[in-house]
Amino acid sequence: MILLLLFSLMMVPTTALAEPVHDSSALKAQSSRTAPLTIEEVLARIELTHPLLRATGLERAQARAKVLKALAAWEPKFRNELEVDRYQTYNLTNVVGPNILIAGYNDTMLKVGHPWGWEIYGGIRSGLGDRSTLGGFDGVRLQRVVSPGVAIPQDLQGFYPQQMLIIGGAFNLLQGFMVNEEYAEFQQAELAGPQAEIKVAQKRQDLYLAGAVQYWDWQVAVKQADVVRRALGVAEERYRMVEGRSKAGAVAPIDVVEAKEEVQRRREAAIAAQRKVEYEQYKLALFLWEDGDPVTPRPEWAPEFQGETPLPSEEDVAAFKVEATEDRPEVRNLYIEAKLNNVELKLAKNKLLPKLTISGGPVTGGIYFFGGFAYHMNALFSMPLYNRAARGKVLHAEAEQTRLSYKQAYTEREVQIDVDNWLSAQVRARDRVRAATEALRLAKTLEEGERSRFNMGATSILFVNLRERNVVEASYELYRAQADYVVSRGGMLYARGALAKPVDEKVLAKYGDPLQAAGSSGRKLPGRD
């Protein structure tokens, strides 16, 4: 009796599959949504909300920070200097004892620099000290000195006798003239902005392609799981039919075991297919963000694959190659690297020149208030005998320029071949779709014929199962070929550089605010900087 009960439990089909697993983010998804998830929406949501694209956009803010930092080299500077000195003099003429004098000055000036390598400043100097120092007295007899007044400027006098206007500056005439470290840093900082845009385009291109491929992988997994579930339903229905016919004595009991074994085989395949769907949907969720959380797509959102489109003509392919060499971020970035290296090369060649600096300005130090105000003029000339450091920098920059030219030639050719490669992929995928469609049609014809033969008792259930498995496999191949076809079309957009450009604002407006798009993060806002 116990053996009979166990045998009955084994023979009862268990049709319930594991329920799909959804995480909390799936619960936040549009539970009432019925519209299919399109590739347009996937790309739009990447542009609007993807955190990695937003993070890359901050390269723009960092580029502006580099410009601000470089501009600080010539930023106007307000400067105030105060110096007060106390002196004690004693010699044989001072019959009444030593003289103690206090003198000083206060300089208030504004310094301004220029990228060409010169700096000027101007301001006001005010004399400080005791009466004998400022008023022209000898400090002993309180009698005015015959010589010109001490600490009283004879030219460029200011608003009162002890105040004067001061000017000065420094100029580089050879090394450092129009080309110097500060100006080179500023020129390279200005290129950081275009370089940041290229990095954003590169990240957008990579995310668009990765999101599109994942979208189609998810779509294939959903369609294949649906095929497996339908095949499982057919096997379960046949099992019940064979079981009834076996009880009536129309078929052998071994056919019941065969039908039951096929049900278990397809149930295992259905569970694996369900796991595949969940795996692909969670990966796709990382490209669909809403309110800071990934949105897990539901299987019912998967649309049908679209039909084939006309292949590009030879003229189109030629235009695509030109477009690729102009728009692909990899090529554009090499142009920026070449410009950066040109700046280094100009700076290195400028270092080969001798250094000649002319400077002048008021003399500092309280001692000059006793002998009167003074100016100084300097000329500094220097040059290394062998100039090895400068020659080494020139050699390095020239080698880097040659390396970049080789790399640029290779990269341009690489993106052109990429266009040919994706065109080949599109052609072959189209041919595969046609062949897989015909194979599926033939497999279904054989399946129907084998099923009719089975109903007439001319064949066994084993051959029916084999025919149905062939249909499932042919459906798999067709879906995979259709996915490869749409991937090849997206790959052609990638090869052309079209995916490096953001989705049109009219499309973005359907799914969010284009002004708050992740792809525009880091851009300068009104009133900043």
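Let's start with Ile271, which is partly exposed, at a relative accessible area of 44%. You will find Ile271 in helix 7, the run of residues 253–285. Please keep in mind that everything I show today comes from a predicted model. Now, who sits across from Ile271? Take Arg229: the two residues are 42 apart along the chain, and their C-alpha atoms are separated by 9.2 Å.

That brings us to the helices themselves. As a reminder, two packed helices are described by the angle between their axes and the distance between the axes. How do the axes of helix 6 and helix 7 cross? They come within 8 Å of each other, at an angle of roughly 160°. An angle over 145 degrees counts as roughly antiparallel, and therefore helix 6 and helix 7 are given that description. The crossing of helix 6 past helix 7 is left-handed. As for what the contact is made of, its residues divide into 21 nonpolar, 5 polar and 13 charged.

Helix 6, residues 181–247, also has a contact with helix 12, residues 461–496. Here the axes come within 10 Å and cross at roughly 165°. Because of that angle, helix 6 is roughly antiparallel to helix 12 as well. Which hand does this crossing have, left or right? Helix 6 passes helix 12 in a right-handed crossing. In this contact I can list 18 nonpolar residues, 6 polar ones and 6 charged ones.

While we are on helix 12, have a look at Glu477, which lies in that helix. Glu477 counts as partly exposed, with 44% relative accessibility. Its C-alpha atom is 9.8 Å from that of Ala435, and these two residues are 42 apart along the chain.

Back to helix 6, this time for its aromatic residues. A pair of aromatic rings is described by the distance of the centres and the angle of the planes. Searching the whole structure turns up 8 aromatic pairs. One of them joins Tyr215 and Trp218: the ring centres are 6.0 Å apart and the planes stand at 40°, so we call the pair tilted. Why are these two about one helical turn apart? Because they are 3 residues apart in helix 6. Are they buried or exposed? Tyr215 and Trp218 are both buried. There is also an aromatic cluster to look for, made of Trp74, Tyr183 and Phe186.

Next, the strands. Let me walk you from one pairing to another. Strand 3, residues 118–129, pairs with strand 4 in the antiparallel sense, and the two share 9 bridges. To see one place where they meet, find Arg125, whose bridge partner in strand 4 is Met164. Strand 4 also pairs with strand 7, residues 355–362, again antiparallel, over 4 bridges. There, Ala170 has Ser359 of strand 7 as its bridge partner. Strand 7 in turn pairs with strand 8, residues 375–382, in the antiparallel sense over 8 bridges. In that pairing, Thr357 stands opposite Leu380 of strand 8. So you can follow the pairings on screen from strand 3 to strand 4, on to strand 7 and then to strand 8.

I'll finish with two loop residues and their backbone angles. Most residues other than glycine have a negative phi, and most peptide bonds are trans. Now look at Met178: its phi is near 70°, a positive value in a residue that is not glycine. Where is Met178? Met178 sits in the loop between strand 4, residues 163–172, and helix 6. Its relative accessibility is 35%, so Met178 counts as partly exposed.

The other residue is Asp291, with a phi near 55°, which is also a positive value in a residue other than glycine. You will find Asp291 in the loop between strand 5 (289–290) and strand 6 (293–294). How is Asp291 placed, buried or exposed? With a relative accessible area of 76%, Asp291 is exposed.

If you open the model afterwards, try starting at helix 6. From there you can find helix 7, crossing at roughly 160°, and helix 12, crossing at roughly 165°. Thanks for listening, everyone!

Notes
Residues numbered from 1 in each chain as written. Predicted model: local features only at pLDDT ≥ 70, side-chain atom pairs only at ≥ 80, totals over all residues. Heavy atoms only, no water. Axes fitted to C-alpha atoms, helices over the stretch in contact; angles between N-to-C directions. Parallel < 35°, antiparallel > 145°, perpendicular 65-115°, else oblique. Left-handed = near helix turned anticlockwise from the far one by under 90°. Nonpolar A, V, L, I, M, F, W, Y, C, P; charged D, E, K, R; others polar. Buried < 20%, exposed > 50% of the residue type's maximum accessible area, 1.4 Å probe, protein only. Pairing = 2+ DSSP bridges. Phe/Tyr/Trp six-rings, centres within 6.5 Å; stacked < 30°, edge-to-face > 60°.
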